[in-house]
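Here are a few short exercises to work through with the model open beside you. Try each task before you read its solution.

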Amino acid sequence: MAVSTYREELKKILKEPNSTTIASIKKTVQENNYFNLSDADRRSILDQVLRCYVLDIVLSKPPNIYDVCKMWTSFTIELVRNEMCTAIMPVVILSDMFDVTTVDLCEKMFDHVETNVNVLKESQFFMACKNNLLRMCNDLLRRLSRSRNTVFCGRILLFLAKFFPFSERSGLNIVSEFNLENVTEYLNENNFDQNEDLQDSMTEEETKSDTIIEKVNVDKNLYLKFWALQDYFRNPNQCYKAEHWKLFISHTEFIFSIFQSHKLEHVSRTDTESTEQNIHYFPKYLTNHKLLELQLSDVNFRRYILIQFLLLFQYLDAPVKFKPDNFKIKPDQQEWIKNSINNIYELINNTPPDGIRFSEVVKNILQREEQWNKWKNDGCPEVVKRLIPASDQGDMPAPKRRLRKNLGDVIKNMTANNKVFLGDPELTKLWNFKPDNLEACKGPERDFLPSFDSFFQEAFEQLDPELCIENQYKKVNDGNFGWRALRLLARKSPHFFAQSNNPIHKLSEYLENMIKKTMNKEKISINQGSDKHVSPNKEFKKESVMDTEEVDISEGIHDENENENNVEVEDNNKIPKQIIDQVAAVIGEKWTLLAEKLGYQPDEIKFVKTIKTTPLDQATYLLEVWVEDAENPKPENLIYILEEIQLNEAANILKS
């Protein structure tokens, strides 16, 4: 077999991976013409040999695993640059090493991922490696504990932030959703034992060590009000409801009074503890009522709570694009928030150590948060850094304001030069690129047709469920990609557009099915071809599914009643009519509750009752009007509202 023969040759060469090894592999490929394999097949075989060889080395548990990782990572990068293996191999090798090593060793070996971030961002590696790299980092994060491996988790997240572009939408919370599953559990009124005292379980030595800090007397009222605030931090939208707002004000003012009456003293650490001063452990809040007395005397804990208040107040008064129109605070609420913010900064300034300095840092962070919120409201435009030449850096004078020319003079000059002025610089440049635009469109550089594999490769990788890519960010849901994909399929085979009794009307589903079918078939054909012995006199060719036109005509996208081959792409932002009917049937007589939640006035609700007689028709009409008139009629927004008014069955229909 060609693979086994080539594998044995490569095993002898790969003992010492260096520049000489690369030259030896090239020489072996040139001398052994009996393989008669294409370049793509040779790269595939070398990929398989590298993975098996490196995996055997790692499983033997060498003492210098860190150096082994560095050596093979650098070697595979050089192989890719010499076009001897596929571009994903550096990440695949690292991923295999991480899968068979402990978390401690993974944390050390992750240095090689961080040091090669600029290499992986090169055009030769980025497009091929980004999905594999994201999968590798997600696998590592699943193995780690967010409380015990905090530093390692942070390194992985910082690497992803540095590797992917700033405007990468897959890493952004576009619709400003809250993690409602982050529930803080604490004792309720029934199982709270007010008579238990923490001091009974403390030793005499611990009591003496804490006498320098005056502790707060924690009772049932303080405990319940303090931890009830975490639910508002988890879901700030509750504050827009009158009953919740009153309760929130009551709890907040009570906690502020406790903080103001109980001032903290800075406890200096001994020399033996100075080495541990910068080592922090970040668990989730512990809500045992015996611990609250100690927590209220902890500097870091108090700062965490106060910063949570500041973040909540900033959100309530901030213009958020996806916030419903009825979520607005009143002038008296704004005044109360303003006074509360002043009280918080006063508490932070009085909290040692370096209270004033810490307060300035918090203000700077919140200011950056406002800029981030404005950027998201503007649709997350791509951020491009303008590079200034080194010679121009320094004390540069302010640029002089450039005088604009009169429009009539501009048109006159352009007409004199046989050019057309369109008002926009880019359109003007495009229109006047060549004297004859029709001949310019016939240029040889514009006549190209991408291969099926290269065009659909990224879309095929995005179908992997392990990547956890949301549907709205997949390429199959991109209208421009779908239009180009249909043109490519039309050039490949006419069977894609044959009439069928079982049509698929949604373009994304059709492309997803065809990509899975064709790409999987090509992979199978490649694997089967690589396992067969290829004779020297017969050229090995990869049989493409498109060339043989083995396409199931039942996957056509045309309705039998249509006369032309048109594909209707549904708007992903709107809810289909059949889903609206199902949701309306579940809502029924509760449609008035939904109407009030959506912000409709009583006279508008009365008008719906006059034109529609049954609750089903009224609910259907309400949903149809909301879909047509709402600024952002996405299913996610309606799901959120339905869950708030306890219509979970209707919300589940939208989720499915």
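**Exercise 1.** Find which backbone oxygen lies 2.7 Å from a polar atom of the side chain of Thr 101, then describe the surroundings of Thr 101.

*Solution.* Step one: the oxygen belongs to Met 97, at 2.7 Å from the Thr 101 side chain. A polar contact is a pair of N or O atoms within 3.5 Å; within protein, one must be able to donate a hydrogen and the other to accept it, and residues adjacent in sequence count only if both atoms are side-chain atoms.

Before going on, a word on the source: this is a predicted model, where local features need pLDDT of at least 70 and side-chain atom pairs count only at pLDDT 80 or more, while totals for chains, interfaces and linings use all residues. Residues are numbered from 1 along each chain as its sequence is written, and side-chain values use heavy atoms, with hydrogens and water left out.

Step two: place Thr 101 in the loop between helix H5 (89-99) and helix H6 (103-115). Helices (H or I, at least four residues) and strands (E, at least two) are DSSP runs, numbered from the N terminus.

Step three: Thr 101 counts as buried because its relative accessibility is 9%. Buried means under 20% relative accessible area, exposed over 50%, partly exposed in between (1.4 Å probe, protein chains only).

Step four: setting aside neighbours within four places in sequence, Thr 101 is in contact (heavy atoms within 4.5 Å) with Val 58, Cys 106, Met 109 and Arg 143.

**Exercise 2.** Check the length of helix H3 (residues 39-59) against its expected span, and see whether Val 58 is buried or exposed.

*Solution.* Step one: take 1.5 Å times one less than the number of residues, which is how the expected span is defined. Step two: the 21 residues of H3 should span 30 Å, and the end C-alpha atoms are 30 Å apart, so the two agree. Step three: Val 58 is buried, as are other H3 residues including Asp 41, Arg 42 and Tyr 53. Step four: look just after H3, where Lys 61 takes a positive phi of about 55°.

**Exercise 3.** Summarise the protein chain: how many helices and strands are there, and what share of the residues is buried?

*Solution.* Step one: the secondary structure comes to 30 helices and 0 strands. Step two: of the 656 residues, 38% are buried. Step three: among contacts between residues at least 6 apart in sequence, 74% join residues at least 24 apart.
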